[in-house]
Every structure is written in structure tokens, then in C-alpha cells.
Amino acid sequence: MAYEDEPKIIHQHINVPDIKKIGVYEEHGGYSALRKALSEMQPEDVLNEVKNSGLRGRGGAGFPTGMKWSFMPKGVRPSYLVCNADESEPGTFSNREIILKNPHILLEGFILGCYAIGCEHGFFYLRGEFFKGYAVLRQAVEEAKARGYLGKNVLGTDFNLDITIHVGAGAYICGEETALLSSLEGDRGQPRLKPPFPAVAGLYAKPTSVNNVETLANVPFIINNGADSFRQWGPERSPGMKIVSISGHVNNPGNYELPMGTTFREAIYNYGGGIRGGKEIKGFYPGGSSTPVFSPDKLDVAMDFDSVSAAGGLLGTAALCVFDEDSDIVAITHRLLQFYKHESCGKCTPCREGNDWLVAILDRLKHNQGLDGDPDVLVDMAGNIAGRSFCPFGDAAATPVKSGIANFREDFEKRITNPPDKRIFIPLEKTGH
């Protein structure tokens with residue numbers, strides 16, 4: 001069966017012409033879930049339906065969405081829902097497609113989430129470079145207001161909701177929920193200490209839930225069709241569908257909404273069209289650049305949170321970055337660490353200083369000027385960043401180094417040439433020159 005004919009949730013109507021316009025979205029069942037919720041369900045009913053569906057956060061952590069909403073203390077007002085649309089992870093591009101092509105499915109899910117947690121003012125946080133997405137989402141909000149889905153007395157009920165769309169300044173760290181909240185408040189985008197968690201003291205020190213774009217876009221289906229319909233796909237602990245962003249050395253890169261539990265092999269070869277030029281696969285990042293790189297022996301691992309974790313990796317955002325047999329893992333790792341070095345917020349020493357040194361050593365390896373022991377030094381340095389930085393950014397930066405050397409150590413060792421003039425190496429940025 002062709003991908004276009006397979007069952008989908010978010011992608012069901014994503015390629016319908018003009019689906020981003022509210023009239024077309026309504027013609028295809030749009031906002032029926034919101035009408036159902038406001039006429040037939042209490043906020044607790046919506047929350048419980050999402051909890052029973054087993055929907056887990058699609059932004060990387062995989063935390064149960066309904067449980068996250070249930071942590072919000074009762075009777076504390078105001079409370080906030082924030083949509084994290086700061087999609088900046090190398091290899092990820094599923095959220096931007098939802099916003100550009102079908103913003104109303106996201107908006108409807110967001111409104112349902114606000115209703116479930118008692119939020120009367122919600123926020124969208126978009127990455128700073130995503131100008132077109134901002135324009136499309138803003139237009140969708142204006143259309144929803146004109147239809148009575150936002151504002152005072154939504155659809156004639158006592159539910160009120162206003163929405164603010166905030167555009168960040170292009171910092172990767174603001175994808176971390178507490179850094180996002182700091183940025184949203186007008187402060188520097190740096191992570192906060194947890195606890196307190198956002199559900200207790202988040203935006204403006206009030207109860208806040210931060211949810212990913214894809215997570216919220218699943219909610220209308222759940223409310224319209226029930227938790228059991230969502231559970232028809234995927235394993236018990238990771239039900240539903242997942243948008244897989246396939247990129248790299250494949251014939252058909254793109255976004256594919258697949259049942260949880262689909263194997264990496266199926267995703268890469270059945271949907272991604274296999275490796276370009278008929279080459280062999282060398283490896284892949286299963287969920288974006290901050291997840292441990294996998295070698296081909298992991299191709300038959302199922303793409304769900306628990307299976308990937310049991311295989312020693314992370315599903316993350318299911319941003320599947322594939323590279324072929326001719327790829328240079330040292331160059332790939334070096335490029336990723338340049339990104340993490342540039343994007344470090346500088347708050348804590350292990351991340352701020354450690355990434356500088358990782359890039360310096362990878363740079364000399366990339367240029368065939370490695371020294372004896374460099375791979376072990378890299379692993380040691382990465383180990384002193386992971387788990388010792390203020391937020392998960394340090395873990396993300398250390399992961400390509402640790403997993404790259406663990407799986408492809410020979411690529412690093414063959415760059416060791418011990419040039420005489422490189423035995424004492426000090427990066428230029430450390431000398432002030």
C-alpha cells in the first residue's frame with residue numbers, strides 16, 4: 001500500500017489544497033473536536049481522555065501528556081499552556097511542516113489543551129528564523145478568532161482564551177522548556193533549576209505546561225475518536241502514530257507519519273527509498289543529532305520510546321538522519337560539535353568550556369593531525385560534560401562524541417598521525433590571538 005493510502009492522524013489532510021484556511025479545515029472535520037469538548041465534556045474529561053490515550057510527548061522526552069497536564073495544581077489562577085515550536089534540533093523538520101501546511105490542527109489541539117488545564121491565556125514560542133511559520137500561524141489565530149473559537153465566551157460557553165505568538169531570537173537552548181520560559185518573560189534564554197518544575201512554578205511563576213507542536217496536533221483526533229482509537233497503533237506503552245523526519249543519504253527524504261513500533265529498516269528502505277546510489281548504510285541518528293548514533297545492526301529496532309531506549313539510544317523527535325558507507329564520522333561529529341559549541345548558553349562551566357575543547361581535538365583529527373590517545377581524551381571530556389551540566393544541553397553535546405567513538409572508533413584512530421608540531425596543542429581562542 002502506498003504511503004498516501006495508509007492511515008494517518010496529523011497528515012490525513014495535510015496535502016489538501018488550502019487546508020491552512022479555516023473554511024477548508026472545517027470542511028474536513030476541523031474544530032469538531034473543540035465543539036464536542038465544549039458541548040459534551042468537562043475539562044477533566046478532556047484531560048482524562050488524553051491521559052487514557054497514552055499520548056507521550058513528541059518533542060523528545062516522551063513524557064505522558066495527560067499526566068503532565070494532571071500535575072497542574074487545581075484552583076491556582078492564572079495557569080498557562082505554552083506550545084514549544086522552537087524546532088532547532090539538526091535533522092528535525094516535522095513541526096514546521098504542520099505549521100506551514102495545516103496550522104489549524106495544531107491550534108485546535110492547543111485550544112483543547114487550554115480548556116483541559118483551565119488556561120485562559122496561551123503562548124506559542126516560535127524559533128526566531130521561522131518568519132513564514134509565524135505569518136501562517138498568526139493568520140490562523142485571526143481566522144479562529146473571527147469564527148468564535150478564541151476570545152471571550154468561546155462558542156457561547158463561559159470558556160475564554162487569548163493567544164500570544166512570541167518569536168524567539170534564534171537560540172537553540174530555548175528549546176529546553178525552562179530556558180524557553182525565561183526567554184518568554186524577556187530574560188536571557190538560559191535554563192532554570194528544577195525543582196520547582198513548570199507545572200508548579202513556570203511562566204510568571206504560575207503553573208505552566210509546555211507541549212510540543214506534534215503532541216498538541218494529536219489531541220483533536222483523540223477527542224473526536226476516543227482514546228482507544230488512538231491506541232490502535234503502536235505498542236502498549238508508546239501508542240499512536242509518530243511523524244518520522246527522514247534526511248541524509250536517502251532517495252526520498254521527507255516527513256512520514258508511521259505507527260509507533262515501525263522499525264528503522266522499514267522507515268529507511270520502505271519510505272525513505274533506501275540509500276542513494278545503491279550504497280550500503282554506515283549509520284544513522286535515530287532521533288536527531290543529540291541522540292546516540294546507531295550502526296546498521298540496530299536497523300531492526302522498533303521505533304518506540306522503550307525499544308530504542310533498550311537498544312542504548314533515544315527516539316527523541318524521530319528525526320532519522322542517515323549516512324552512507326562513504327561518510328566520514330569524524331567530520332560529522334566535528335560539524336555537530338561546532339553547532340553545540342556555538343549554541344551553548346554559557347551558563348555552566350562543563351558545557352561552556354568542554355565544548356570548546358571537544359571541537360579543538362576533533363578539528364585536529366579531522367585534519368589528520370591526531371595524537372595518540374585523542375579518542376580516549378574525547379570520551380573522557382564528554383563524560384565530564386554529560387550529567388554534569390545545568391541542563392540536558394550538555395548531554396546532547398556529549399552524545400555524538402561518546403556514541404560516535406563507541407560505534408566507529410576506527411574512523412577516529414586512523415586520523416592519528418602524531419605530527420611533531422602538534423604534540424602541544426592550544427586552540428587559538430584559548431590564547432586570545
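Which residue forms a salt bridge with Arg364? In this predicted model, the partner is Asp374, and the closest N and O atoms of the two residues are 2.8 Å apart.

## Salt bridges between helices

The bridge between Asp374 and Arg364 links distant parts of the chain. Asp374 belongs to helix α17, which covers residues 374–385, while Arg364 belongs to helix α16, which covers residues 349–366. The two residues are 10 residues apart. Both partners are buried: Asp374 has a relative accessible area of 2%, and Arg364 has a relative accessibility of 9%. Each of these values falls in the buried class because that class is defined as under 20% relative accessible area.

Helix α17 also contributes Asp376, whose side chain meets that of Arg409 in a salt bridge of 2.7 Å, N to O. Arg409 lies in helix α18 (residues 393–413) and Asp376 in helix α17, so this pair ties together parts that are 33 residues apart in sequence. Here the partners are partly exposed, with a relative accessibility of 45% for Asp376 and 27% for Arg409.

## Salt bridges within a helix and in a network

Where do Glu142 and Lys145 lie? Both are in helix α7 (residues 131–147), three residues apart, which is about one turn of the helix. Their side chains meet in a salt bridge with an N to O distance of 4.0 Å. Glu142 is partly exposed at a relative accessible area of 41%, and Lys145 is likewise partly exposed at 37%.

Across the whole structure, a search finds 23 salt bridges. Some of them share partners: Lys68, Glu176, Glu177 and Lys194 are joined in this way into one network.

## The four-stranded sheet

One open sheet consists of four strands in the order β6-β5-β8-β7, and its pairing is mixed. Strands β6 (254–259) and β7 (281–285) stand at the edges; each has a single partner strand, so one side of each is left without a neighbour in the sheet. From one strand to the next, the twist averages 30°.

The edge strand β7 pairs with β8 (residues 319–324) in the antiparallel sense, over four bridges. Within this pairing, Ile281 has Asp324 of β8 as its bridge partner. Helix α15 (residues 329–343) packs on the sheet and touches both β7 and β8. The direction of helix α15 makes about 20° with that of β7.

## Cysteines

How many disulfides does the structure hold? The number is zero. For Cys174, the closest cysteine sulfur is that of Cys345, at 9.0 Å, which is too far for a bond. Cys174 is buried, with a relative accessibility of 3%.

Cys351 is likewise in no disulfide; the nearest cysteine sulfur belongs to Cys348 and is 5.2 Å away. That separation does not qualify because a disulfide is counted for sulfur atoms within 2.5 Å. Cys351 is also buried, at 5% relative accessibility.

## Aromatic pairs and a cluster

The search of the whole structure finds 21 aromatic pairs. One of them joins Tyr25 and Tyr31 in an edge-to-face arrangement, with 5.3 Å centre to centre and 85° between the planes. Both residues are buried, Tyr25 at 6% relative accessibility and Tyr31 with a relative accessible area of 0%.

Why is the pair of Tyr80 and Phe123 edge-to-face? The ring centres are 5.8 Å apart and the planes stand at 70°, and planes over 60 degrees apart count as edge-to-face. Tyr80 lies in strand β1 (residues 80–85) and Phe123 in strand β2 (residues 121–126), so the pair ties together parts that are 43 residues apart in sequence. Tyr80 is buried with a relative accessible area of 11%, and Phe123 is buried at 6% relative accessibility.

Aromatic residues also group beyond such pairs: Tyr172, Phe339, Tyr340 and Phe393 form one aromatic cluster.

Conventions: Residues numbered from 1 in each chain as written. Predicted model: local features only at pLDDT ≥ 70, side-chain atom pairs only at ≥ 80, totals over all residues. Heavy atoms only, no water. Pairing = 2+ DSSP bridges. Axes fitted to C-alpha atoms, helices over the stretch in contact; angles between N-to-C directions. Contact = heavy atoms within 4.5 Å. Buried < 20%, exposed > 50% of the residue type's maximum accessible area, 1.4 Å probe, protein only. Phe/Tyr/Trp six-rings, centres within 6.5 Å; stacked < 30°, edge-to-face > 60°.
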